[in-house]
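User: I'm new to this structure and would like to understand the words people use for it. Could you walk me through them?

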Protein chains: 2
Amino acid sequence: MRLSTKGRYAVTAMFDLALHEQDGPVPLTEISTCQTISLSYLEQLFAKLRKKELVVGVRGVGGGYRLGRPAHQISIADILRAVDEKVDVSRAAEDGDPAQALWIEFSEKLYSYLDERTLADCVDRPYVQRITARQDDEHGRGIVVRQDAA
Amino acid sequence: MRLSTKGRYAVTAMFDLALHEQDGPVPLTEISTCQTISLSYLEQLFAKLRKKELVVGVRGVGGGYRLGRPAHQISIADILRAVDEKVDVSRAAEDGDPAQALWIEFSEKLYSYLDERTLADCVDRPYVQRITARQDDEHGRGIVVRQDAA
DNA sequence: TGAATATCCTACCGAAAAAGTTGGTTTTTG
DNA sequence: CAAAAACCAACTTTTTCGGTAGGATATTCA
């Protein structure tokens, strides 16, 4: 189990894709500038996400990335596992140490918790829908904070 | 938020202390040999735990470490925060990016989940079943997907 | 008193991971 | 063709992880 800034980058990027799911593919340049992550680092993360089929790349002008499957079928744990590729929760399950056994028990609970949390759970809420609705009417999507919505 | 082998070391060590709470202080040499972690690395971790008053050191022969307070008052999140000392969950809360906002929302839920899991919960099972039964109507896995509770 | 046990403390080290950089190539659209 | 984008690989820098080394201090017990 691992959860660091790397995982946060991946999850927030996936949030972004989920938020703009109906607007066609989201280019990484947008996420990069919007979230101050280097483009190439994002590319490396998305290579892993694509390998796990959590995202689909669309090449060429107007391309970008889309979700690999519906948002309610992608859990946070899926995303973390994809970018970490270190799922050895049970490093020493057999040595009979009680404290180790308790850790395994705990981490399994944590995983099942993270497996229950889908992108749809996190994104589909009225508050966010209102925020993004303002952005989506414009095709630009560059700067997030607008002064007026004319 | 960060969760890696470092956090696991700290948590399992704290499990150990909680398990032997009534047997007097537990020396780090014991945890070290029992769990194949280097003594000095453990000492470094416990320096941080002691700074946050999660443990109390007892010097001299027959010494070791005891819990700093009752097991039901120490959460897993407490332990992780102590050894990570990087609690900047809200790295850019104000820049208005919806995806970032969603991450903050999510990580706060995760933290509150980890804050409810105390050492006592993990070590002393029957006691905990009562606690968690109070939290979510469904007993068992402790899956808290809904957050309607005000 | 002195030896043994243990916490406490500081500095340093090597390996690994994280994060970013550079410099491309393909694919697609206009 | 030019621009926008995914794709790809090699590289560098920075940080963290886990460990090593060498102590100092406190306590117990013979």
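Analyst: Gladly! Let's start with a definition: buried means under 20% relative accessible area, exposed means over 50%, and partly exposed covers what lies in between. Please keep in mind that this is a predicted model.

User: Then why is A:Ser40 called partly exposed?

Analyst: A:Ser40 has a relative accessibility of 44%. Partly exposed is the class between under 20% and over 50%, so at 44% A:Ser40 counts as partly exposed. This residue sits in helix α3 of chain A. From A:Ser40 to A:Cys122 there are 82 residues in sequence and 26 Å in space, C-alpha to C-alpha.

User: What makes A:Thr12 buried?

Analyst: The relative accessible area of A:Thr12 is 2%, and buried means under 20%, so A:Thr12 is buried. You'll find A:Thr12 in helix α1 of chain A. Leaving aside residues up to four places away in sequence, A:Thr12 touches A:Gln35, B:Ala99 and B:Trp103.

User: How do you know that the side chains of A:Thr12 and A:Gln35 make a polar contact?

Analyst: A polar contact needs N or O atoms within 3.5 Å, and within protein one must be able to donate a hydrogen and the other to accept it. The polar contact between the side chains of A:Thr12 and A:Gln35 is at 2.7 Å.

User: Why is helix α2 of chain A described as largely enclosed?

Analyst: In helix α2 (residues 28–35) of chain A, 6 of the 8 residues are buried, so the helix is largely enclosed by the rest of the structure. The buried ones are A:Leu28, A:Glu30, A:Ile31, A:Ser32, A:Cys34 and A:Gln35. Their cover includes α1, α3 and β2 (64–67) of chain A, together with α5 (98–116) of chain B. Just after α2(A) comes A:Thr36, with a positive phi near 50 degrees.

User: What does chain A look like as a whole, from the N terminus on?

Analyst: Its elements run α-α-α-β-β-α-α-α-α, with 7 helices and 2 strands. Chain A has 150 residues, of which 48% count as buried. About 7700 Å² of chain A is exposed, and carbon and sulfur atoms supply 50% of that. Among contacts in chain A between residues at least 6 apart in sequence, 66% join residues at least 24 apart.

User: What makes the pair A:Asp115 and A:Arg81 a salt bridge?

Analyst: Side chains of opposite charge can pair when their charged atoms come close. The cut-off for a salt bridge is a side-chain nitrogen of Lys or Arg within 4 Å of a carboxyl oxygen of Asp or Glu. For A:Asp115 and A:Arg81 the distance is 2.8 Å, N to O, so the pair meets the definition. The two link distant parts of the chain: A:Asp115 lies in helix α5 (residues 98–116) and A:Arg81 in helix α4 (residues 76–84), 34 residues apart. At 32% relative accessibility, A:Asp115 counts as partly exposed, and so does A:Arg81 at 23%.

User: Why are A:Glu105 and A:Lys109 said to be about one helical turn apart?

Analyst: They are 4 residues apart in helix α5 of chain A, which means a separation of about one helical turn. Their side chains meet in a salt bridge at 4.0 Å, N to O. A:Glu105 is partly exposed at 29%, and A:Lys109 is partly exposed at 24%.

User: How many salt bridges are found over all chains?

Analyst: The whole structure has 7. One of them joins B:Arg69 and B:Asp78 at 3.3 Å, N to O. In addition, A:Arg69, A:Asp78, A:Arg81 and A:Asp115 form one network through salt bridges that share partners.

User: Which residues come nearest to DNA strand C?

Analyst: Among the 26 residues around DNA strand C, the nearest are A:Thr5, A:Arg59, B:Leu28, B:Arg50 and B:Tyr65. Of the strand's atoms within 4 Å of the protein, sugar and phosphate account for 66%. A backbone N or O atom of B:Leu28 is 2.7 Å from a phosphate oxygen of the strand, while a polar side-chain atom of B:Tyr65 is 2.5 Å from a phosphate oxygen. A base is reached too: a side-chain N or O atom of B:Glu43 lies 2.9 Å from a base nitrogen.

User: What kinds of residues make up the surface near DNA strand C?

Analyst: That surface divides into 9 nonpolar, 10 polar and 7 charged residues.

Technical notes:
Residues numbered from 1 in each chain as written. Chains lettered and ligands numbered in written order. Predicted model: local features only at pLDDT ≥ 70, side-chain atom pairs only at ≥ 80, totals over all residues. Heavy atoms only, no water. Near = heavy atom within 4 Å. Nonpolar A, V, L, I, M, F, W, Y, C, P; charged D, E, K, R; others polar. Buried < 20%, exposed > 50% of the residue type's maximum accessible area, 1.4 Å probe, protein only. Contact = heavy atoms within 4.5 Å. Areas by Shrake-Rupley, 256 points an atom, 1.4 Å probe, with all protein chains shown as cover.
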